[in-house]
Amino acid sequence: MSYTAEISRSNPTCFVFLIDQSASMIDPIGGTETPQKKADVVADAINRLLTELAVKCAKEEGVRDYFHVSIIGYGESVGSAFQGALGGRDLVALSEVADNPAKVDERTKKVPDGAGGLVETSTTFPIWMEAVANNGTPMCRALALADSIVTRWVEEHPACFPPIVLNLTDGEANDGDPTTAASTLQTRASADGSVLLFNLHVSGASAPSVTFPDSASNLPDQYSQTLFSMSSLLPSHMRSYAAQLGFNASETARGFVYNADIASVIQFLDIGTRAAELR
């Protein structure tokens with residue numbers, strides 16, 4: 001396991017986000033006093049992450065294309081979840097993403113007022129994908145589409161930091177056993193290592209999360225154990241970052257979170273998209 005390749009404009013990598021858009025994603029997420037719909041939490045987290053990636057890669061001349069991004073929704077259908085000008089695109093350079101949100105909302109947030117209190121202020125919030133929740137959970141088809149995207153990517157970028165696929169779901173696949181598609185996806189590799197597949201279970205329960213486990217022994221059911229078995233080992237730099245955030249991630253920890261709340265979704269995406277240094 002390497003995962004040390006520098007990421008540059010001449011040697012970029014890609015992120016593929018697989019977003020469960022099944023009917024149950026309309027249910028409230030657990031772990032909060034004012035529950036939001038799971039679909040809303042996931043959509044907000046992805047949109048926020050895209051903004052953060054664009055800021056991270058912004059230089060004087062504009063956003064550099066260190067990353068290309070794919071957002072695949074799976075529910076009533078399987079395909080690109082980008083909306084607006086990027087609708088239907090399966091892989092988009094980050095500079096194009098930054099320049100083409102489907103819309104920009106005005107949102108309010110509370111910030112310190114300098115006197116020990118909080119005050120509400122408005123801020124812009126770019127949106128590339130909307131919350132969707134209908135039909136079943138065709139996870140196998142989503143993984144197969146991700147496989148076609150990363151296969152093409154590593155053929156075109158053989159020395160890249162390996163593509164990272166992040167699957168956010170709240171339900172069991174209803175189109176077969178996803179472990180076969182996951183295993184096939186993880187056979188794809190660049191010279192720097194195999195494609196990374198991480199899985200996040202978005203929960204409606206208020207029970208504690210199981211975060212980056214190194215065994216399935218504390219997972220409650222066959223479904224969670226399946227997602228664990230599908231998940232790649234966390235590379236060392238991601239384990240180090242997880243430790244900085246207070247997680248105990250051993251050398252055999254996998255990129256898997258079970259029973260995630262809002263905070264877990266955000267931290268999962270943050271850790272899971274920590275690639276190597278940008279140059």
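Student: At what angle do α1 and α7 pack, and how far apart are their axes?

Tutor: This is a predicted model, and in it the contact between these two helices is made by V41, A45, I46, R48 and L49 of α1 together with I262, V265, I266 and L269 of α7. The crossing of α1 and α7 is right-handed. Their axes lie 10 Å apart, and the packing angle is about 35°.

Student: By class, how many nonpolar, polar and charged residues does the contact of α1 with α7 have?

Tutor: On the α1 side the residues are V41, A45, I46, R48 and L49, while I262, V265, I266 and L269 come from α7. Arginine belongs to the charged class, whereas valine, alanine, isoleucine and leucine belong to the nonpolar one. The contact therefore sorts into one charged residue, no polar residues and eight nonpolar residues.

Student: Which helix gives the most to the largest nonpolar core?

Tutor: That core holds 54 residues, and the members that touch the most others are F17, F67, I71 and L269. In soluble globular proteins, nonpolar side chains tend to be buried together. With nine residues, the helix that gives the most to this core is α1, residues 38-56.

Student: Which residues does F17 touch, not counting residues up to four places away in sequence?

Tutor: F17 is one of the four residues that touch the most other members of the largest nonpolar core, and L269 is another of them. L269 is also among the residues of α7 that make the contact with α1. With the residues up to four places away in sequence not counted, F17 touches I46, L49, V69, S70, I71, I72, L166, L269 and T273.

Student: How does α6 pass α7, in a left-handed or a right-handed crossing?

Tutor: Helix α6 (residues 236-244) and helix α7 (residues 262-272) pack at an angle of about 145°, with their axes 9 Å apart. The contact is made by M238, Y241 and A242 of α6 and by D270, I271 and G272 of α7, and by class it has four nonpolar, one polar and one charged residues. The crossing in which α6 passes α7 is right-handed.

Student: Is R239 buried or exposed, and which backbone oxygen does its side chain reach?

Tutor: R239 is found in helix α6, and its relative accessible area is 15%. Buried means under 20%, so R239 counts as buried. Its side chain reaches, at 3.0 Å, the backbone oxygen of L234.

Student: Which residues of helix α5 are buried?

Tutor: Helix α5 covers residues 222-230, and what covers its buried residues includes two helices, α3 (139-156) and α4 (178-186), as well as the strands β9 (164-169), β12 (196-202) and β14 (256-260). The buried residues of α5 are Y223, S224, T226, L227, F228 and M230.

Student: With which side chain does the side chain of S231 make a polar contact?

Tutor: S231 sits in the loop between α5 and α6, and at 3% relative accessibility it counts as buried. Leaving aside neighbours within four places in sequence, S231 is in contact with Q186, L197, N199, R254, G255 and F256. Among these contacts, the polar one between side chains, at 3.0 Å, is with N199.

Student: What is the phi of F212, and what is the phi of N259?

Tutor: F212 is placed in the loop between β13 (210-211) and α5, and N259 is placed in strand β14. F212 counts as buried at 4% relative accessibility, and N259 counts as buried at 7%. Each has a positive phi in a residue other than glycine, which for F212 is near 50° and for N259 is near 65°.

Student: Why does D261 count as partly exposed, and how far does a polar atom of its side chain lie from the backbone nitrogen of A263?

Tutor: D261 is found in the loop between β14 and α7. Buried means under 20% and exposed over 50%, so D261, at 22% relative accessibility, counts as partly exposed. From a polar atom of the D261 side chain to the backbone nitrogen of A263, the distance is 3.3 Å.

Key
Residues numbered from 1 in each chain as written. Predicted model: local features only at pLDDT ≥ 70, side-chain atom pairs only at ≥ 80, totals over all residues. Heavy atoms only, no water. Core = buried A, V, L, I, M, F, W, Y, C linked by side-chain atoms within 4.5 Å. Buried < 20%, exposed > 50% of the residue type's maximum accessible area, 1.4 Å probe, protein only. Helix = DSSP H or I, 4+ residues; strand = E, 2+ residues; numbered from the N terminus. Contact = heavy atoms within 4.5 Å. Polar contact = N/O pair within 3.5 Å; in protein donor to acceptor, adjacent residues only side chain to side chain. Axes fitted to C-alpha atoms, helices over the stretch in contact; angles between N-to-C directions. Left-handed = near helix turned anticlockwise from the far one by under 90°.
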